[in-house]
Amino acid sequence: MRKSALILAIAPLVFAIAACGGESGQTANTASTPGSSAAPATRNRWDTIKSRGQLICGVSGEIPGFSFVGTDGKYSGIDVDICRAIAAALFDNPDAVEFRNLNSKERFTALQTGEVDILSRNTTWTLSRDSSVGLEFAPVVFYDGQALMVRKNSGIKSLADLKDKAICVQTGTTTEQNLADQMRKRGITYKPVVFEDVNVTFATYAQGRCDGITADRSALVSRRTTLPKPEDNEILEEVISSEPLAPAIAKGDAKFGDALKWVVYSLVKAEELGITSQNVGQFASSNDPDIKRFLGTEGNLGEGLGLTKDFAARIIKHVGNYAEIYDRNLGPKTKLNLARGQNQLWSKGGLLYSPPFR
Amino acid sequence: MTNDKLPIWRDNRFWRITLQLVAVFLAAVVVVILWGNLNRNLRQLGIQFGFDFLKQQASFDIGETLITYKPTDTYSNALWVGLINSLRVAIAGIFLTTIVGVSAGIARLSDNWLVRNISMVYVEVFRNTPLLLQLLFWYFAVFLSFPKTENKISFWGFIGVSQNGLEFPWFTLSPEFSALLLGLTFYTGAFIAEIVRGGIQSVAKGQWEAARSLGLKPGLVMRLVIFPQALRVIIPPLTSQYLNLTKNTSLAIAIGYPDIYFVASTTFNQTGKAVEVILLIMLTYLILSLTISVAMNLFNRTVQIKER
């Protein structure tokens with residue numbers, strides 16, 4: 001009798017509290033379709049970064065050419081250079097960045113919860129990531145495609161030859177889904193062997209457990225250099241999917257999003273205008289109004305973005321233009337030696353295009 | 001009976017009830033604050049909390065499945081496949097590890113010097129190294145070092161061992177499954193060996209002597225007299241080890257075996273629904289663990305009753 005009285009007394013109390021507190025969450029739960037977003041509130045991460053004086057950049061740290069930690073503890077790669085460009089624009093110091101290594105499973109949660117300011121981690125820009133995962137993507141910094149690597153002596157020349165064979169794949173990436181889609185389209189059965197860690201994936205392939213391994217072409221090229229006998233492996237020409245790689249921030253921060261967009265475009269624009277880290281000083285005294293506006297000697301384009309008027313000049317001085325970044329990390333002098341392919345200016349047949357700086 | 005009315009604040013029952021009410025109220029307030037915070041932050045990111053994503057197409061393949069599964073099936077189907085895979089390893093693992101553990105535990109107390117020391121080395125090595133390392137060892141150093149399936153090593157004509165795993169005439173166990181199963185079996189077996197040894201040593205020495213004086217051989221003494229009494233001490237910690245084994249199957253992701261944790265984390269990576277997926281996995285493991293606990297507690301009770 002006493003116990004039931006207790007329950008009768010507590011229950012309405014708990015429900016009352018739940019109703020009060022739950023109301024704030026009710027508006028978000030009314031829609032039933034997945035991925036539909038309530039209007040996101042504006043965040044001011046941009047101001048937080050400025051007051052902190054340092055950018056926290058989420059990278060992989062394990063992909064040579066994109067984000068890799070060298071034996072001296074220094075980070076290098078295209079993704080790394082993008083973050084350094086932002087730091088250069090904000091603080092005139094490309095080293096005002098803290099890098100955090102993230103694996104493919106924790107990268108989105110780290111961004112969503114605010115553990116990193118920006119995710120510059122070889123992430124493919126897809127519709128679902130743009131909407132239901134709550135990310136906002138910057139312009140594409142590297143146009144990649146998914147490909148397959150096999151051993152030269154296996155006799156596999158195309159996807160069809162992989163019928164009933166084992167293919168190594170890393171979990172949680174677009175790679176998994178794309179492979180499933182392409183094989184389903186062609187009606188080929190296969191056996192996926194999926195791992196969490198990228199190192200384990202490649203090690204298993206190297207051991208011979210899988211007949212093929214699939215990942216972004218740039219990742220395959222870069223990791224092939226770490227295999228015991230790189231020459232024994234070849235990357236098939238067949239392109240399984242397009243993978244536009246772009247940096248991402250958490251949704252709802254319009255100021256950060258705009259600034260990030262134009263930081264990336266400034267790298268392309270500088271290459272279009274022919275400005276490099278070596279000659280940016282000379283270009284400062286140029287008569288071309290385009291260049292004057294771009295470098296900030298005339299007008300104040302940066303103000304609207306929350307940056308200084310010479311933000312583009314800072315970026316080019318400290319980090320270089322897109323061509324310099326590419327050559328430094330993936331160019332002919334590096335082990336990777338990836339041809340620019342689609343990552344070339346539009347005027348030279350590639351996909352890089354910057355809107356006007358005016 | 002005297003009917004002296006105490007003032008309400010002197011009444012013990014009043015205080016007990018009030019304090020419990022206050023505690024429940026505070027707990028409810030904390031939960032509501034956290035829930036409101038979660039919802040606020042998710043809304044700011046434009047993410048919805050909900051389990052509707054389970055009806056979406058999974059569009060990823062799963063390497064090993066006992067039931068039919070296609071990439072066009074829903075996420076909830078994929079999670080079921082993962083659950084069945086986890087159960088396969090857990091059930092086979094519990095069965096095998098009991099055999100290994102009990103044998104090693106009894107061997108530890110053997111009169112034979114060699115048997116005793118081999119068992120000691122086994123227990124010390126497998127208990128003191130991390131499980132993840134052991135799984136990687138089984139996978140890379142053992143299973144992936146076997147020859148390719150064309151040149152498989154054959155035992156007794158019907159078990160073939162190769163890089164494709166353990167090949168029996170009717171079915172094949174993949175190297176991922178075999179490595180996970182064997183790794184978990186031997187790791188947990190080492191702990192069970194010590195539990196068994198402790199249980200056997202807890203039986204009074206007088207029981208040994210009485211049994212021997214009845215003329216029973218050492219093997220029969222162990223089986224008929226000592227071990228049934230040792231079971232009373234062994235079963236509670238044994239339950240913990242079974243639960244450990246079940247939860248440790250989540251390490252499968254490190255060696256490519258698609259268990260429920262692996263499928264769930266792929267799901268969460270592709271849909272971005274971190275909170276919902278984590279809740280699902282926690283619930284799954286909780287139900288599995290509680291089931292095993294309940295079963296073992298029932299078993300425990302039957303062992304207890306036999307005493308008197």
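This passage walks through the domains and two helix packings of a predicted model, starting with chain A and moving on to chain B.

Chain A is a good place to begin. Its secondary structure comprises 13 helices and 14 strands. The chain has 358 residues, and 46% of them count as buried. How far apart along the sequence are the residues that touch one another? Among contacts between residues at least 6 apart in sequence, 73% join residues at least 24 apart.

The next level up is that of domains. Chain A is divided into two of them: domain 1 is built from two stretches, 45-141 and 246-348, while domain 2 covers 145-242. Measuring from C-alpha centre to C-alpha centre, domain 1 of chain A and domain 2 of chain A are 30 Å apart. Where these two domains touch, 12 residues come from domain 1 of chain A and 12 residues from domain 2 of chain A. On the side belonging to domain 1 of chain A, the residues that touch domain 2 of chain A fall into five nonpolar, four polar and three charged.

One helix pair in chain A can be followed in detail. Helix 3 (residues 78-91) and helix 12 (residues 311-318) of chain A have axes that come within 8 Å and cross at roughly 130°. Because of this angle, helix 3 of chain A is oblique to helix 12 of chain A. The crossing of these two helices is right-handed. Helix 3 of chain A contributes A:Ala85, A:Ala88 and A:Ala89 to the contact, and helix 12 of chain A contributes A:Phe311, A:Arg314, A:Ile315 and A:His318. Sorted by class, this contact holds five nonpolar residues, one polar residue and one charged residue.

Chain B can be read in a similar way. Its domain 1 spans 8-45 and its domain 2 spans 52-305. The centres of these two domains of chain B, taken over C-alpha atoms, are separated by 41 Å.

Which helices of chain B pack at an angle of about 135°? They are helix 2 (residues 75-108) and helix 7 (residues 218-248), whose axes are 11 Å apart. Helix 2 of chain B and helix 7 of chain B are therefore oblique to each other, and helix 2 passes helix 7 in a right-handed crossing. From helix 2 of chain B, the contact draws on B:Ala90, B:Gly93, B:Ile94, B:Thr97 and B:Ile106; from helix 7 of chain B come B:Met222, B:Tyr242, B:Leu245 and B:Thr246. By class, the contact between these helices has six nonpolar, three polar and no charged residues.

Definitions and conventions:
Residues are numbered from 1 along each chain as its sequence is written. Chains are lettered from A and ligands numbered from 1 in the order in which they are written. This is a predicted model: local features need pLDDT of at least 70, side-chain atom pairs count only at pLDDT 80 or more; totals for chains, interfaces and linings use all residues. Domain bounds come from an automatic or database domain assignment. Axes are lines fitted to C-alpha atoms, for helices over the stretch in contact, and angles run from 0 to 180 degrees between N-to-C directions. Helices (H or I, at least four residues) and strands (E, at least two) are DSSP runs, numbered from the N terminus. Angles under 35 degrees count as roughly parallel, over 145 as roughly antiparallel, 65 to 115 as roughly perpendicular and the rest as oblique. A crossing is left-handed if the near helix is turned anticlockwise from the far one by less than a right angle, and right-handed if clockwise. Two residues are in contact if their C-beta atoms, placed from the backbone, lie within 7 Å. Ala, Val, Leu, Ile, Met, Phe, Trp, Tyr, Cys and Pro count as nonpolar, Asp, Glu, Lys and Arg as charged, and the others, Gly among them, as polar. A residue is buried if 20 or more other C-beta atoms lie within 10 Å of its own, exposed if 12 or fewer, and partly exposed in between; C-beta atoms are placed from the backbone.
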